Structures are given as structure tokens and as C-alpha cells.
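Hi,

Here is the structure I said I would pass on. Have a look at it first, and my notes on what turned up follow underneath.

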Amino acid sequence: MLKEAISYSISESESVRMVQVTDPHLFADPEAQLLGVNTAQSLNAVLNTIAAVDYPAHFMLATGDISQDYSNESYHRFVDAIAPLKIPCHYLPGNHDDPRIMNLHMQGDNVHGQKRVLAGNWQIIMLDSTVRGRPGGHMSDAELNLIDRAIEAEPNRHTLLVMHHNPVLAGCAWLDQHCMDNGSDFIQQVSRYRQVKGLLWGHIHQSVDTVHLGPNGPVKLMATPSTCIQFKPKSPYFALDALQPGYRLLELKSDGSILTNVYRVPGENFSPDNEAGGY
């Protein structure tokens, strides 16, 4: 049975505006660091930057690795941090999250773990690409069936698929060991739907903006920087980038096109330490 979706009162001619944050890697301890970066402080810097831009987002997407230590407090910390933005937040798990703990403690008036979001002329499907006990991902038959049923239920809406793991290789040898292991098949399967216009993920702590040319036209592929540490692109070994924490703004147009950009915290306040360990 297809579970009920959350629906927003946005006209079919209006764009759907969203902000994506991903991979904050929060701890119970607000002073804890990941590879030399205080993750609570870097998340707050990103959220403050979003607030200062004053983008009129209808809602936020949080695409996994909310926690680094699986603690109840880390999820409470995230909910408290996003509250001042006063926009709904839809979340999904990453490989560093415990979905059971996450669902118990990602609680708030504007915090939602449902799998489907209906807004304007769009359907956003929040997918679980995690595999318990493994850093890499897999898109299960259950999630593929969800996509089938959701598109069948809303055939006239454009569709954005959102997940944690990268379905395409990032070009980092060490990181690509932890991609979605059936990513190529996944993209081939979902691109056969004329409704699917974009795929959006986190996990790789770097930006990707490219296109897959499917049988029904281009499908936009997007990855977003972490709100904490950044991984150096195209590196064969584990390496951190000096780029600052970031986020993504998206405008889903009523005609099915997607306008999007990645933005980063200004300045050079967050300097990772390759030697610190702990990832």
C-alpha cells in the first residue's frame, strides 16, 4: 500500500523552491570535532548563511548523515538548529545514521520523515539508499517499487528522486568504494520514466552538477557539499578540500526544468585537518 504523502498548497504554475543541507555529522557534544571541524558550528554557519540570503524556500531537504555518533542528542541538536528558519524539513537517513534512532528523535512541528512530498507540479520522493552496517549504498527492490507506485499515483507531476548515496561515480577511488552499488542500473531504470527530471544526493561531500541523457530526455544529476568537511575531488586517496561548508538552493519549475546552485559559507573559518582522523 502506498503511504500518504505530505502535500503543499502550491499552484501548478508556481515553482517549488527548496534548500538542501546534507552530511552535518553532528555529535551529542556541541564542542566535538570531525577532522578538525566543529560540526555544530559549521552547520550553524551554513544555516545563518541561508537565513541571510532570505531565499523564499517552501521547505528544506536534509539528505542524511545527520549524526556522527548515533546519539539521541545529535538529532535533537539538528532539529533545534534548523528551527529558526521556520520552514518544514524533510529528511532521510545516511550511512552514519541509525534510522530507528533518527525517526524517534528527529521530531518537531516542522520535521517530517515521510517518503513522498507533493508540491505544485512536482512529486519529491525521499529514498533510503542505506545498507545496515555498510558505508556504501544500495537501492532496494522496496524503494524501486515505491518509485513505481508513486509515479503511477501521480503520473502528471514531474518527479525529483532524493537519496543519500551517489548513483554515479564521484571520480575519487577511495570514495567510489562506498557509492550506490547498483547505481548504474538504478539510473537506467528510473530514467525510463518521462516524469523523472532529477536525482539529488549527498554523501560525497562535494558538488556535482551534470546530466544523464535518458530515453525520455535529460535527467539532472546533483550532489551537494557537506555542511562540515569537504572531500577533495578526483583524489585517489582520502584527502580533504579547503573549500568551506555549503548547501544547495533549488527551483523546480512548473515545466519540469530545474534551476539550482551551490553556495558556501563566506570566509575561511573552517579549516579541516587531514591528520586528525575520526571519519
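Let me start in the middle of a sheet: strand S12 (residues 158-162) and strand S13 (residues 196-201) run parallel and are joined by 4 bridges. If you want a spot to zoom in on, Thr-159 stands opposite Val-196 in S13. Helix H5 (residues 183-190) packs on this sheet, where it touches S12, S13, S14 and strand S15 (217-223). The direction of H5 makes about 150° with that of S13. Before going further, please keep in mind that this is a predicted model.

The sheet as a whole is open and has 7 strands, in the order S1-S8-S9-S12-S13-S15-S14, with mixed pairing. S1 and strand S14 (208-214) are the edge strands, each pairing on one side only. From one strand to the next, the twist averages 20°. Helix H4 (residues 141-153) also belongs in this picture: H4 lies across S8, S9, S12 and S13, and runs at about 165° to S9.

At the S1 end, strand S1 (residues 6-8) runs parallel to S8, with 3 bridges between them, and Ile-6 stands opposite Val-117 in S8. On to the next pair: S8 and strand S9 (residues 122-126) are antiparallel and share 4 bridges, with Ala-119 opposite Trp-122 in S9. The hairpin that S8 and S9 form has 2 residues between the strands, and Gly-120 there takes a positive phi near 55°. Which residues of S8 are buried on each side? Arg-116 and Leu-118 are buried on one side, Val-117 and Ala-119 on the other, and both faces of strand S8 (residues 116-119) are covered.

There is another open sheet, with 6 strands in the order S7-S6-S5-S2-S18-S19 and mixed pairing. S7 and strand S19 (258-264) are at its edges with a single partner strand each, so one side of each has no neighbour in the sheet. S6 and S7 run parallel and are joined by 2 bridges; Cys-89 stands opposite Val-111 in S7. H1 lies across S2, S5, strand S18 (246-252) and S19, and runs at about 40° to S18.

Helix H2 (residues 72-82) is worth a look too. Its buried residues are Ser-74, Tyr-75, Phe-78, Val-79, Ala-81 and Ile-82. Why do they sit on the same side of H2? They cover an arc of only 165° around the axis, and that puts them on one side of the helix. The general rule behind such patterns is that an α-helix has 3.6 residues a turn, so residues three or four places apart point the same way. What the buried residues of H2 pack against is a mix of strands and helices: strand S2 (16-21), helix H1 (39-53), strand S5 (59-62), strand S6 (89-91), helix H3 (99-105) and strand S7 (111-112).

Now the cores. The largest nonpolar core has 66 residues, and Phe-78, Leu-161, Phe-186 and Leu-199 touch the most other members. H1 gives the most to this core, with 6 residues. Apart from it lies another core of 20 residues, including Ile-6, Tyr-8, Val-16 and Ile-258. As for Leu-199, leaving aside its neighbours within four places in sequence, its contacts include Leu-160, Leu-161, Met-163, Phe-186, Val-190, Val-219 and Leu-221.

Two backbone angles might interest you. Asp-23 has a positive phi near 55° although it is not a glycine. Asp-23 is in the loop between S2 and strand S3 (33-34), and is buried, with a relative accessible area of 0%. Lys-86 also has phi near 55°, again positive in a residue other than glycine. Lys-86 is found in the loop between H2 and S6, but counts as exposed at 70% relative accessibility.

Finally, the overall numbers. The protein has 5 helices and 19 strands, and 57% of its 279 residues count as buried. Its C-alpha trace spans about 50 × 40 × 35 Å along the principal axes. The radius of gyration is 17 Å, which agrees with the value near 19 Å for a compact globule with 279 residues. Among contacts between residues at least 6 apart in sequence, 72% join residues at least 24 apart.

Cheers

Notes: Residues are numbered from 1 along each chain as its sequence is written. This is a predicted model: local features need pLDDT of at least 70, side-chain atom pairs count only at pLDDT 80 or more; totals for chains, interfaces and linings use all residues. Side-chain values use heavy atoms; hydrogens and water are left out. Buried means under 20% relative accessible area, exposed over 50%, partly exposed in between (1.4 Å probe, protein chains only). The arc is that of the directions from the helix axis to the C-beta atoms. Contact means heavy atoms within 4.5 Å. A nonpolar core is a set of buried Ala, Val, Leu, Ile, Met, Phe, Trp, Tyr and Cys residues joined through side-chain atoms within 4.5 Å. Two strands pair if DSSP finds at least two bridges between them. Axes are lines fitted to C-alpha atoms, for helices over the stretch in contact, and angles run from 0 to 180 degrees between N-to-C directions. The radius of gyration is taken over C-alpha atoms; the globule rule is 2.2 Å times the number of residues to the power 0.38.
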